[in-house]
Amino acid sequence: MVDAQQPVLELTGIHKQFPGVKALNEAGLRLFPGEVHTLMGQNGAGKSTLIKVLTGVYRPDGGSMVLNGRAIRPRSTQDAQDLGISTVYQEVNLCPNLSVAENIFIGRYPRRFGMVDWRAMRRQAAELLRRLQIGVDVGKPLGEYPLAIQQMVAIARALNTDARVLILDEPTSSLDEAEVQTLFGVLRRLREEGMAILFVTHFLDQTYAISDRITVMRNGEREGEYFCADLSRLALVNKMIGAAEDAEDAGAQAAAGRQAQRGDVFLRARGIARKGVLAPVDLELHRGELLGLAGLLGSGRTETARLLFGADRADGGSIAVEGRQVGLSTPRDAIAQGIGFCSEDRKHEGAILPLSVRENLILALQARVGLWRAIPLKRQQQLANDYVGWLGIKTASIETPIGSLSGGNQQKVLLARWLATEPKLMILDEPTRGIDVRAKQEIMDYVSKLCRKGMSILFISSELPEVLRVSDRMVVMRDRKACGEYRRGELDETSVLRAIAGETAGEGA
Ligand SMILES: Nc1ncnc2c1ncn2[C@@H]1O[C@H](COP(=O)(O)OP(=O)(O)OP(=O)(O)O)[C@@H](O)[C@H]1O
Ligand SMILES: [Mg+2]
């Protein structure tokens, strides 16, 4: 077993101080050949920073890193890559216009007589992908393939050198279930070849499906290292947050308390559709109601939400808000009707990295009140401070550039951006991607409270237990249509799963 061997990589006593934030404090990590090792911890625990120190993005303030018995001090990602440490980041940084083969070899094309040897490049690229058992045409532009394949290409690129350590920082957050399985297949093959794989995720199911060992980080420190098989989920969560987890039922209670207060219909959509994307859907949202939208990726959930927000134009059907017919053909129309939309897509949704937490937070509100009517600085500061407190955003101050927050905390700021506009209907499309388990519950509890005060919420999440816990009512979508509706009380995981998978009698309940 792994224990009999020497670690291929060992980090000890790593420190890293940012202005006002001690990101790493005696952090450490051991990786053995032939293991998948998951790094877990709450948002801001220091996971990404540890990886960046290891891969030469940041210089540590202290500590040692030993690779195969030799001390290393990588000065750049290239340096780390040359040493055999390859990294795949969450956002695939490849060029969609170039071919798959070119993407694998960018910056190090094979040459022959001083010229790029295109044939050798294609052959080697095809070989690499065969090794991962990924069937793609290496001559085609990368952009023609789905995100999961692009991620595999990023891995193939990482493997091109003699990598011994492969690091993946939240690689699965935008993959669907099938794509995750493909990725895991690749990771298992690489593990068999003796590679040490470090994997960062917030999904407990994935952790237990793939890991041999787990290192838990808390407040910049290594809390402990465990064999996955020896650590129960509850124990793991405990170690991440440093306290007993008793919030399980909070969401359910919040939903129960809300049930009585469902008001009249806020929005009614009749037969909204979009050719090739969404079959006609009817949807009603009451005031003070939290409606869950469940289904697989591509089932039509996001497409429905985008029509309601005017992000895409419907080519049929009608929408009424508070009883009046409205045309929602642009997001501006939707915002004017009091509709907000927060999606998982941090990059597109636009965290503007050089701007501060405060500036990012007031953007949507500013757009709503009109750009010519500047919100007074005092008011901005107050809003920012309030939301930092309410959502537990971990930041040195409200003037810190959002780019220096951890991924999960950036996502919280984007959610706050929409909440600050006090929408009457808030559409949440995977709002908690990249947010740790504990913070997720807190956020949904906070949102439930807003709901009790009369806000309507349309909630989309791939994590079924989360949707089940908080929804008053739930609509299941499959193959671009709504295929079932459940009220609270009728909601149980098995029947919903059946509906999602398409083996049911849940129709039209
Ligand atoms: N470039 C930076 N400048 C200043 N502070 C930073 C910088 N990068 C990270 N930090 C801070 O260091 C701490 C650790 O952040 P890190 O990104 O490592 O967390 P994480 O564990 O990856 O969290 P998440 O799960 O949200 O991605 C956070 O408080 C963050 O705000
Ligand atoms: Mg991170």
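Which residue has a backbone N or O atom 2.9 Å from an oxygen atom of ligand 1? Hi everyone, let me start there, and please keep in mind that this is a predicted model. The residue is G46, through its backbone.

Let's stay with the ligand for a moment. Next in line, A45 also uses its backbone, with a polar atom 3.2 Å from an oxygen atom of ligand 1. S48 does it through the side chain, where a polar atom sits 2.9 Å from a ligand oxygen. In total, 19 residues surround ligand 1, and those that come nearest are G44, K47, T49, S406 and G408.

Now, those numbers lead us to the domains. The domain assignment splits the protein chain into domain 1, residues 2-241, and domain 2, which is made of 289-299 plus 330-501. Their C-alpha centres are 29 Å apart, and each domain puts 18 residues into the contact.

So what does that contact look like? Interface size is often quoted as the accessible area lost when the parts come together. Here, about 1,400 Å² is buried between domain 1 and domain 2, with carbon and sulfur atoms giving 53% of it. For those of you who like charges, there are zero salt bridges between the two domains. There are, however, three residue pairs in polar contact between them.

On the domain 1 side, helix α8, residues 233-241, supplies the largest share, three residues. By type, that side divides into nine polar, six nonpolar and three charged residues.

Thanks, everyone, and I'm happy to chat about any of this.

Conventions. Residues numbered from 1 in each chain as written. Chains lettered and ligands numbered in written order. Predicted model: local features only at pLDDT ≥ 70, side-chain atom pairs only at ≥ 80, totals over all residues. Heavy atoms only, no water. Domains from an automatic or database assignment. Contact = heavy atoms within 4.5 Å. Buried area = accessible area lost by both parts, 1.4 Å probe. Salt bridge = Lys/Arg side-chain N within 4 Å of Asp/Glu carboxyl O. Polar contact = N/O pair within 3.5 Å; in protein donor to acceptor, adjacent residues only side chain to side chain. Helix = DSSP H or I, 4+ residues; strand = E, 2+ residues; numbered from the N terminus. Nonpolar A, V, L, I, M, F, W, Y, C, P; charged D, E, K, R; others polar. Near = heavy atom within 4 Å.
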